[in-house]
Amino acid sequence: YHEGPLGKLPVIVPETNEIISTIKSLTQQCINISREEWDSRETSWDFTTNELLRHKTTNRIEDAYKNYYTYWKDQFFKLHANEEELNRIFIDIYDLADEITPDVPLEDITILKDETDIKDGELLFKKETLVKQFISYAVGCMFGRYSPDKEGLILANQGETIDDFREKVPNASFMPDDDNIIPILEDEYFTDDIVSRFREFLQVTFGAESLAENLEFIAGVLSKSKKSSGSPEKVIRDYFLKSFFKDHVKMYKKRPIYWLFTSGKGRGFNALVYMHRYDQETLAKMRTDYLLELEAKLDARIGMLGSESSVEKGKLSKQVEELMNYDAVLNNMSLQMIDIDLDDGVVVNYAKFEGLVGKV
């Protein structure tokens, strides 16, 4: 449809300017709420920052969540009330009071579908979804796609580097990973380990003094959804190891921008790479600076274990074997100096690394 047929539709113009003004006002409010909700997710081109940071008033993430909850509950019911009021106005204009009602079921309100459930007429918020969105934003900051110091996209063009980030975000409180390779392992074998970097991100955004409390809040939410146990850092590490990439693939509709390089089911070696910062040297760096070094560290750890640690020895030996098999593929592909072109899209580029990356 365009302006021709639309202009021929029979429309009853409200009798007074007051009614017309009310319709315009309510409609614009609905548009503004819906646009704000859409832009609250990082998959929107107009995304600026994570909602928990936007609603931060203290150094406690739980308080930010409560503020988010209060704000968006009000927005949801304002949108609902506006839609019912508009229905009443048009029912009166078209004299349809005997035909339909102005009532709108809560389930028909189209915002916050990922973040909420409707049960018994109540709007229930999902803490898990909000925490996972926060973690995703944190990973984006680790790669320089975002920054807690500046709203919107930072590094989002092929070939951009850390130097570009420094120009765009001078005196940044949180710097991206320098080599665009962030390991996700069962222990903290490297200084840029993803859990270590997540702790750093929490300290920068919510303060060092509340780090322990915020880690506990995040782990508490994740452990309820995945039935994980252990220290907060172990729960968070388990999430990165087992679920983060799955959630990322789902969020980006099977077009991931953070790629998981993984050695296989044993999860001996895993690392994330941001596709926009990938270059032909990335695989070689991954092999020499991470994979081979990890293999050496695991070998040394096996050598230090006594006979009473046979179970752990067996597990580590299997991981080393997995790393060696993965190294053969990684070495071969690193020598090919594989290039990618973002204009070809994720599917085409991701397929070039088959055998090295996780399934989408």
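One cavity of 30 Å³ or more is found inside this structure, which is a predicted model. Rolling a probe the size of a water molecule over the atoms shows where empty space is left. The volume of the largest cavity comes to about 40 Å³.

Which residues line the largest cavity? You can look for Lys132, Ser136, Tyr239, Phe244, Asp247, His248 and Met251. By character, this lining divides into three nonpolar, two polar and two charged residues.

Now see where the lining comes from along the chain. Helix H5, covering 127-143, and helix H10, covering 244-251, each supply at least two residues of the lining of the largest cavity. Of the elements that take part, H10 gives the most, with four residues. To find this spot in the 3D view, you can start from those two helices, H5 and H10.

Let us step back to the whole protein. The fold includes 13 helices along with five strands. Taken along the principal axes, the box filled by the C-alpha atoms is roughly 85 × 45 × 40 Å. Among contacts with a separation of 6 or more, 62% join residues that lie 24 or more positions apart.

Here are some values for the protein as a whole:

| Property | Value |
|---|---|
| Residues counted as buried | 47% of 360 residues |
| Exposed area | about 18900 Å² |
| Share of the exposed area from carbon and sulfur atoms | 50% |

So much for the overall picture. As you turn the model, try going back to the cavity and picking out Phe244, Asp247, His248 and Met251, which are among its lining residues.

Key:
Residues numbered from 1 in each chain as written. Predicted model: local features only at pLDDT ≥ 70, side-chain atom pairs only at ≥ 80, totals over all residues. Heavy atoms only, no water. 1 Å grid on protein atoms, 1.4 Å probe; cavity = no way out; pocket = protein on both sides within 12 Å on 5 of 7 lines; lining within 4 Å. Points joined across faces, edges and corners; volume = space filled by probe spheres on them. Nonpolar A, V, L, I, M, F, W, Y, C, P; charged D, E, K, R; others polar. Buried < 20%, exposed > 50% of the residue type's maximum accessible area, 1.4 Å probe, protein only. Contact = heavy atoms within 4.5 Å. Areas by Shrake-Rupley, 256 points an atom, 1.4 Å probe, with all protein chains shown as cover.
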